[in-house]
Amino acid sequence: MKDKLDLSALDIGISSTGMAQYREDLRASLLVSTTDKLNEEVENILSVIDSGWQGVSRDRFERQLRNMCELMGEDLRKEYDDLEARLTELESFYYEQDLKLIEE
């Protein structure tokens, strides 16, 4: 049997603890791991070009690649923030629905 349901973690009809954990897991899998993978690939690309490309143009390429990587990371953070706001909105909606059902 999987984990038992912890009734102390329930707020009305949904688990706020579960929602918080879901958002954290989502952040880790979408934001952190994607950014880490992107940075790792940039380093792989730079190590390959280091063996055969030197000079000002190579340095400019590296700067532009790192800047682009940083911009992509910022975009990912913004997208995640939007997603998290939507999840929070949905969580509030579920709370409201539960309260309405209790009141009826």
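**Helices, core and salt bridges**

Visitor: Where is the kink in H1 centred?
Guide: Helix H1 has a kink of about 30°, the bend at a residue being the angle between axes fitted to the seven residues ending there and the seven starting there. Bear in mind that this is a predicted model, where local features need pLDDT of at least 70, side-chain atom pairs count only at pLDDT 80 or more, and totals for chains, interfaces and linings use all residues. Residues are numbered from 1 along each chain as its sequence is written, and side-chain values use heavy atoms, leaving out hydrogens and water. The residue at the centre of the kink is Ala28.

Visitor: What pattern does the protein follow along the sequence?
Guide: There are 2 helices and 2 strands to place. Both kinds of element are DSSP runs numbered from the N terminus, with helices (H or I) needing at least four residues and strands (E) at least two. Reading along the sequence gives β-β-α-α.

Visitor: How far apart are the end C-alpha atoms of H1?
Guide: H1 covers residues 16-50, which is 35 residues. The expected span of a helix is 1.5 Å times one less than its number of residues, so H1 should span 51 Å. The model agrees with that, as the end C-alpha atoms are separated by 50 Å.

Visitor: And what separates the end C-alpha atoms of H2?
Guide: Helix H2 has 48 residues. At 1.5 Å each, its expected span is 70 Å. The model agrees, with the ends apart by 70 Å.

Visitor: Which element gives the most to the largest nonpolar core?
Guide: A nonpolar core is a set of buried Ala, Val, Leu, Ile, Met, Phe, Trp, Tyr and Cys residues joined through side-chain atoms within 4.5 Å, and the largest one here has 5 residues: Val42, Leu46, Ile49, Leu65 and Cys69. H1 and H2 (56-103) are the elements that each give two or more residues to this core. The top contributor, with 3 residues, is H1.

Visitor: How far is the C-alpha of Leu38 from that of Cys69?
Guide: Leu38 lies in H1, while Cys69 is among the buried residues of H2. Contact means heavy atoms within 4.5 Å; leaving aside neighbours within four places in sequence, Cys69 is in contact with Leu38, Asn39 and Val42, and Leu38 touches Cys69 and Met72. Leu38 and Cys69 are 31 residues apart along the chain, yet their C-alpha atoms are separated by 7.1 Å.

Visitor: Is Arg58 buried or exposed?
Guide: Buried means under 20% relative accessible area, exposed over 50%, and partly exposed in between (1.4 Å probe, protein chains only). Arg58 comes out at 7% relative accessibility. That makes Arg58 buried.

Visitor: Which residues are linked with Arg58 in a network of salt bridges?
Guide: A salt bridge is a side-chain nitrogen of Lys or Arg within 4 Å of a carboxyl oxygen of Asp or Glu. Arg58 pairs with Asp50 at 2.3 Å, N to O, and with Asp59, where the closest N and O atoms are 3.5 Å apart. Asp50 is partly exposed because its relative accessibility is 34%, and Asp59 is partly exposed too, at 38%. Besides Arg58, the network links Glu43, Asp50, Asp59, Glu62 and Arg66.

Visitor: Which residue does Arg86 meet in a salt bridge?
Guide: Arg86 is partly exposed, with a relative accessible area of 42%. Its salt-bridge partner sits 3 residues apart from it in H2, so about one helical turn separates the two. The N to O distance is 2.7 Å, and the partner is Glu89.

Visitor: What share of the 104 residues is buried?
Guide: H1 supplies Met19, Arg23 and Leu26 among its buried residues, and those of H2 include Leu87, Tyr95 and Asp98. For the protein, buried residues make up 19%.
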